[in-house]
Amino acid sequence: MTIHNNFIAGEWLAGRSSADNVNPSDLSDVVGNYTLAGQDAVEQATDAASAAFEGWARVSPEVRADALDKIGTEILARREELGALLSREEGKILADGIGEVIRAGRVFKFFAAEALRLNGEKVTSVRPGVEVEVTREPEGVVGIITPWNFPIAIPAWKIAPALAYGNTVVFKPAGIVPASAWALADIISRAGLPEGVFNLVMGSGSEIGGAIVASPKVRAVTFTGSVATGRRIALDCVRTGKKVQLELGGKNPLIVLDDADLDVAVSVAVNGAYFATGQRCTASSRLIVQNGIHDRFVAAVIDRIGHLKIGHALDPGSEIGPVVSSDQLEQDISYIEVGKNGGAHLALGGEKLKRDRDGYYMSPALFTETTNDMRINREEIFGPVASVIRASTYEEAVQIANDTPFGLSSGICTTSLKYAHDFKRRSAAGMVMVNVPTAGVDYHVAFGGRKESSYGPREQGAYAREFYTVIKTAYTLP
Ligand code: NAD
């Protein structure tokens with residue numbers, strides 16, 4: 001089988017060993033074989049990115065815009081094929097795989113245009129005759145470390161702004177989803193970038209990720225992943241004087257008020273909690289339901305999830321694919337025991353499922369009669385598991401929603417303008433949804449959370465420039 005290599009200094013290079021990428025929908029299906037680099041590869045990549053920086057930083061923004069536009073065009077043209085590859089390695093259903101690829105293509109197109117829009121300010125000086133200019137410049141070499149749950153969209157929304165604003169890149173994808181990252185790197189490698197501007201290094205998280213964070217040539221690190229890894233990276237970045245941006249976990253609340261449209265609330269909850277196998281940082285995991293609608297809502301959600309089709313990600317009939325890996329499946333199942341032992345009532349699901357092909361299948365689980373202090377409501381599970389928490393009043397629901405260490409996304413289902421408006425202001429989350437699922441966001445506006453969910457400037461949209469550029473203030477006496 002062909003080994004897919006790393007892309008360093010404009011060349012495809014083998015690492016120390018390689019590993020199979022296995023389809024979680026069918027463990028007999030090997031998606032491909034991918035090289036695993038050692039730390040020497042990180043040094044080569046950071047050297048190449050550092051050498052390429054000055055040239056790329058100075059190139060006309062039109063050159064950057066054209067390269068990004070070309071990348072976006074190819075991604076969009078190959079949406080079906082890349083979507084199928086993504087679904088095969090990650091396990092989200094094909095429609096979601098294709099949707100994610102489209103998003104990645106759109107992100108490159110968006111930042112192609114943003115490359116041309118980088119502006120500054122001219123300010124009147126307090127000193128007569130002196131001119132003051134405030135401009136933005138690229139940071140330098142950016143280290144990009146990404147998780148497995150959005151194998152092409154998250155790399156895209158970090159790589160595209162990094163390149164658009166004139167930075168060079170060393171990119172390390174998550175170990176279990178190298179295929180989408182490699183396909184993206186292959187497209188980028190043909191976009192006409194000078195050698196060293198973009199580098200892909202696949203390998204172990206602690207070894208390769210750790211070496212990127214430790215490298216004195218890396219100026220800034222953008223990371224999406226778990227809280228534990230993110231914290232370690234942030235400490236190392238502060239210790240070595242790097243700029244750092246973290247997007248981490250969530251424990252996102254969805255409030256359902258008595259006045260909600262029941263059909264809307266059920267579909268928002270089921271989509272937010274279970275689609276993409278619940279493996280979204282913005283998934284709704286705490287369903288905070290007012291007493292008057294509680295029993296009808298719970299009965300309707302149970303009915304709906306009981307009929308969801310769990311199967312092979314590429315089967316057109318599947319609504320939910322498998323869990324991504326054996327480790328993640330065991331973690332999800334262990335939280336079912338944590339919930340039961342903690343006094344929650346398991347209303348449905350939470351079991352491993354057998355399908356024609358061996359895979360990591362699990363039935364969507366719903367806990368009811370839970371309280372917000374239970375472990376299942378404090379810790380991120382990251383699987384198809386949600387809990388219902390009762391609330392008597394709107395005020396109590398808001399208090400429960402905000403009582404969490406996380407603050408990524410939140411939602412409310414209501415037909416009341418008063419409550420919708422009030423919740424948008426009082427929710428302690430970075431993103432607030434009214435009558436739409438907590439997961440699912442636009443690509444051209446800011447993305448990010450509060451408290452333990454995020455650290456540093458926002459990602460996506462024009463806000464991305466905060467992280468990928470540094471301000472310069474220049475004074476001139478003509
Ligand atoms: P993870 O923290 O295990 O890994 C993330 C990345 O870090 C991977 O590429 C991994 O190889 C690398 N890594 C691991 N150890 C490292 C180290 N010591 N130094 C440097 N890099 C290291 O996370 P995951 O399991 O891949 O992803 C799931 C998590 O990601 C969940 O907590 C989820 O909520 C979070 N997530 C957050 C967002 C967001 O935008 N807030 C989006 C998607 C996923």
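This passage describes the surroundings of the ligand in a predicted model.

It is helpful to begin with the site as a whole. The ligand occupies the largest pocket, where 28 residues surround it. The closest of these are Thr-146, Ser-226, Leu-248, Cys-281 and Glu-380. In chemical terms, the residues of this shell comprise 13 nonpolar, 11 polar and four charged.

The shell can also be traced back to the fold. Both domain 1 (3–248 + 453–476) and domain 2 (252–434) contribute to the shell, with at least three residues drawn from each. Among the secondary-structure elements, α7 (205–214), β11 (218–224) and α8 (227–239) each provide at least two shell residues. The largest share belongs to α7, which supplies four residues.

Turning to individual polar contacts, two involve oxygen atoms of the ligand and one a nitrogen atom. An N or O atom in the side chain of Ser-226 is found 2.6 Å from a ligand oxygen, while a backbone N or O atom of Gly-225 lies 3.3 Å from an oxygen atom of the ligand. For the nitrogen, the partner is Leu-248, with a backbone N or O atom at a distance of 2.7 Å. As for burial, the ligand taken alone exposes 860 Å², and 88% of that area is buried by the protein.

Notes
Residues are numbered from 1 along each chain as its sequence is written. This is a predicted model: local features need pLDDT of at least 70, side-chain atom pairs count only at pLDDT 80 or more; totals for chains, interfaces and linings use all residues. Side-chain values use heavy atoms; hydrogens and water are left out. A residue is near a molecule or strand if one of its heavy atoms lies within 4 Å of it. A polar contact is a pair of N or O atoms within 3.5 Å; within protein, one must be able to donate a hydrogen and the other to accept it, and residues adjacent in sequence count only if both atoms are side-chain atoms. Accessible areas come from the Shrake-Rupley method with a 1.4 Å probe; for residues, only the protein chains shown count as cover. On a 1 Å grid over the protein atoms alone, a cavity is a set of points where a 1.4 Å probe fits but cannot get out, and a pocket is an open set with protein on both sides within 12 Å along at least five of seven lines; lining residues have an atom within 4 Å of a point. A molecule sits in a cavity or pocket if more than half of its atoms lie within 2 Å of its grid points. Ala, Val, Leu, Ile, Met, Phe, Trp, Tyr, Cys and Pro count as nonpolar, Asp, Glu, Lys and Arg as charged, and the others, Gly among them, as polar. Domain bounds come from an automatic or database domain assignment.
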